[in-house]
Structure formats: structure tokens, C-alpha cells
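Thank you for making time for this. I would like to walk you through one structure, and I will go slowly for anyone who is new to it.

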Amino acid sequence: MRGKVVVADFLEEPLVIEREILGDVAEVIALGAEKEEQLKGRIEDADAVMLYHFLTMGEATIRSLRRCRLIVRCGVGVDNIDWKTAAECGVFVANVPDYGTEEVADSAMAMMLALARGVNLLNSRGRAGRGAWSYTEAIPLHRLRGRVFGIVGLGKIGLATAQRARAFGMEVRFYDPYVTGAEDESEGLIRAGSLRELLEASDVLSLHCPLTVDTEGMIDSEAVGWMRAGSILVNTARGGLVVSEAVLGAVCSGRLAGVGLDVLPVEPPSPEDPLLAAWRDIRNPAYDRIILCPHAAFYSEEGLLEIRRRASENCRRALLGEGLRNVVAGPGA
């Protein structure tokens with residue numbers, strides 16, 4: 001009997017990759033949901049579910065699954081899945097941690113460079129006809145070599161970003177209480193003993209940690225107060241790591257030289273979001289110093305194909321009763 005695999009969100013027809021891998025063992029359906037409530041009545045009989053980052057799967061939805069064996073988060077973070085309830089219900093939760101590493105690291109560096117070298121500011125001011133046609137509009141800028149690049153979270157993406165920053169001659173420091181190996185020594189990195197220690201030392205701070213109870217809102221008013229005056233914040237991880245109001249205030253006051261955010265706490269953001277409003281308001285003092293992108297750092301054509309293929313292959317293992325890969329939660333996990 002053929003199973004049923006549901007792609008809950010993000011992807012639309014044609015599901016060529018998914019059917020190439022799963023077609024002989026399962027019917028594959030794209031729901032195209034934008035809200036969790038749109039899953040009701042369409043997902044309960046699924047044997048496996050692929051979920052991207054456009055909606056959540058909460059307790060009620062997970063408890064409604066009658067025969068599901070696996071939920072695959074097509075990405076790294078699983079904060080949009082109630083994985084504790086899934087484990088209670090005998091459903092495994094897996095992610096795809098080994099895709100798009102280069103893309104996210106490249107995007108973090110791109111944001112850093114656009115802010116640190118004045119590219120964003122000069123382009124913004126020049127296009128609007130504001131100020132002189134001169135480098136002086138971006139004063140002061142500093143040479144990157146020898147500056148401190150701080151990383152929170154030294155997983156695959158954090159490490160790839162560290163390697164890129166090192167290639168620019170920057171001194172790389174990191175804070176990650178879960179990394180206990182010798183990554184710092186082998187990669188020439190300097191370990192910070194606390195988040196505060198890292199923030200006080202960094203000219204650029206780049207976030208690469210998951211969103212958890214411990215990390216939610218970690219960059220708040222207090223943390224911003226620890227950061228060096230004139231430093232830059234880049235977040236390509238999870239929007240909930242940053243308290244938007246605290247960061248916006250610091251950019252407006254000039255305490256932070258710039259902020260690059262690929263992720264926001266609510267996506268898509270409300271037009272009334274103060275950070276979004278400042279980004280769009282040419283009269284706002286933060287206008288030239290904020291970069292916002294629509295959760296796009298993961299994307300390249302090659303990276304998207306990797307996600308789809310690896311998620312589909314894991315669903316196939318679930319349907320065939322084979323060993324699952326990259327399980328982050330589940331019965332006995």
C-alpha cells in the first residue's frame with residue numbers, strides 16, 4: 001500500500017524532485033499552506049510531512065496525525081515544530097542541517113561587508129541625492145584586517161562564516177557553550193567565556209545559533225549595551241534572537257554603526273513593525289544603516305535542491321522502515 005507524504009508549505013507543483021525519490025512508495029502532495037489552520041483536514045492521514053519555515057506545527061496539529069512516522073523540517077532550526085508533543089505521539093522529528101551552509105555564511109559576510117565598507121550607506125544616500133558625492137558621507141570606516149569578528153554559535157554555518165572572516169584577516173572570536181572540542185585551536189579561533197565577553201570585544205557580531213528558550217531575545221537592551229560603540233550586528237539565524245526595538249534604538253542613536261537582518265521575529269513583518277517602518281522611512285536616522293532581507297540567506301538553486309532531495313530521502317527511509325538521519329526528537333531519541 002502506497003503511503004502519503006505531504007509538503008506542507010513553501011513548495012508548489014511540480015514536485016519533480018520529491019516524486020523522483022518517493023513516487024514508487026508514496027503519493028506526494030503540496031498543500032501550499034500559509035497558516036497552520038490551513039492544514040486541518042488535509043494532513044491527518046500523512047505518513048510523513050515536510051515542513052519549511054513559513055508556518056508552525058503545534059500540539060493540536062501534531063495530535064491530529066493518525067499514522068505519521070516523521071516530520072522533516074526542511075532547514076536547520078526546529079523551533080516551529082512542537083517536537084515534544086511529536087515525541088509523545090511517537091513521531092520522529094528530523095532536520096536538514098547539511099544544506100546551504102555556504103549560502104548562509106556568504107550572506108552573513110555580504111551584509112557585514114556592505115555595512116562595514118559603507119556600501120549600503122553610500123548607495124542609499126547617493127541614490128536619494130542626499131549629501132555630497134564623496135566618501136566623506138561614510139566617515140569613519142576602518143580596515144577590516146585586525147578587527148574582531150564575533151560569532152555566537154559555532155555549528156556548521158558559524159564555522160564556515162569564521163573561515164571567511166579569517167580570510168579577510170579578521171580576528172575571529174566565538175561563544176558557544178555547547179562546543180567542547182578543539183575547533184578554536186584547529187581553526188585559529190579564540191573562545192569567549194561568556195556572551196558578554198564576546199560582545200564587549202567584537203567589532204562585528206554575527207549570530208548563528210538556534211532559537212531556544214535560552215537564546216530567545218538574547219540580543220536585548222542589556223546585550224546591546226555590552227556591544228562596542230560603532231559595532232555591527234548581523235543575524236542570519238533566527239529573528240527571535242534579537243529584540244528589534246533594542247537594536248533599532250541603538251542604530252538610531254549611533255551606538256551601532258549598522259544592522260543586517262535576514263530574519264525577523266514575525267515573517268512576513270507587519271507594515272507597522274517599527275524596524276520595518278524605519279527601514280522604509282528616508283527621514284529616519286537608521287534608514288541608511290539597516291539591511292533587511294526576506295529570510296533569503298539559505299537560498300541558491302543548488303542549496304534548494306539539496307534541501308528537497310535530502311528531506312525526501314529521509315521520508316523514504318521512514319516509509320520503508322529504514323534508519324532515519326538527522327533525528328532531533330522522537331520516541332526514545
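**Charged pairs and ring pairs across the chain**

Let me begin with Asp288, which is buried, with a relative accessible area of 7%. Please keep in mind throughout that what you are looking at is a predicted model.

What does the side chain of Asp288 meet in a salt bridge? The partner is Arg130, and the distance from N to O is 3.0 Å. This pair links distant parts of the chain, since Arg130 sits in the loop between helix H5 (119-127) and strand S6 (148-152), while Asp288 sits in the loop between helix H11 (274-280) and strand S12 (290-292), 158 residues apart. Arg130 counts as partly exposed, at 21% relative accessibility, and the cut-off for buried is under 20%, so Arg130 falls outside that class. These two residues do not stand alone, for a network of salt bridges links Arg125, Arg130, Glu137 and Asp288.

As background, side chains of opposite charge can pair when their charged atoms come close. Searching the whole structure gives 20 salt bridges, and I will pick out two others.

One of them joins the side chains of Arg309 and Glu20, at 3.3 Å from N to O. Here again distant parts of the chain are linked, with Arg309 in helix H12 (residues 301-320) and Glu20 in helix H1, 289 residues apart. Arg309 is partly exposed at 31% relative accessibility, whereas Glu20, at 51%, counts as exposed.

Another joins the side chains of Asp47 and Arg67, at 3.2 Å from N to O. Asp47 lies in the loop between strand S2 (26-30) and S3, and Arg67 lies in the loop between H2 and strand S4 (70-73), so that this pair, 20 residues apart, also links distant parts of the chain. Is Asp47 buried or exposed? Asp47 is buried, with a relative accessible area of 6%, while Arg67 is partly exposed at 36% relative accessibility.

Let me turn now to the aromatic rings. How many aromatic pairs are there? The count comes to three. In one of these, Phe10 and Tyr52 are tilted, with 4.9 Å from centre to centre and 40° between the planes. Phe10 belongs to the loop between strand S1 (3-7) and helix H1 (16-22), and Tyr52 belongs to the loop between strand S3 (48-51) and helix H2 (59-63), so that the two, 42 residues apart, link distant parts of the chain. Phe10 is partly exposed, with a relative accessible area of 31%, but Tyr52 is buried, at 2%.

A further pair is edge-to-face: Phe298 and Tyr299, 6.4 Å from centre to centre, with 75° between the planes. Phe298 is buried, with a relative accessible area of 10%, and Tyr299 is partly exposed at 42% relative accessibility. Taken together, ring pairs link Phe10, Tyr52, Phe298 and Tyr299 into a cluster.

Finally, I would like you to look at helix H10 (residues 244-253). Its buried residues are Ser244, Ala246, Val247, Leu248, Ala250 and Val251. What do the buried residues of H10 pack against? They pack against helix H9 (221-226), strand S10 (231-235), strand S11 (256-261), H11 and S12. After H10 comes Gly254, whose phi is positive, near 90°.

Note on methods: Residues numbered from 1 in each chain as written. Predicted model: local features only at pLDDT ≥ 70, side-chain atom pairs only at ≥ 80, totals over all residues. Heavy atoms only, no water. Phe/Tyr/Trp six-rings, centres within 6.5 Å; stacked < 30°, edge-to-face > 60°. Helix = DSSP H or I, 4+ residues; strand = E, 2+ residues; numbered from the N terminus. Buried < 20%, exposed > 50% of the residue type's maximum accessible area, 1.4 Å probe, protein only. Salt bridge = Lys/Arg side-chain N within 4 Å of Asp/Glu carboxyl O. Contact = heavy atoms within 4.5 Å.
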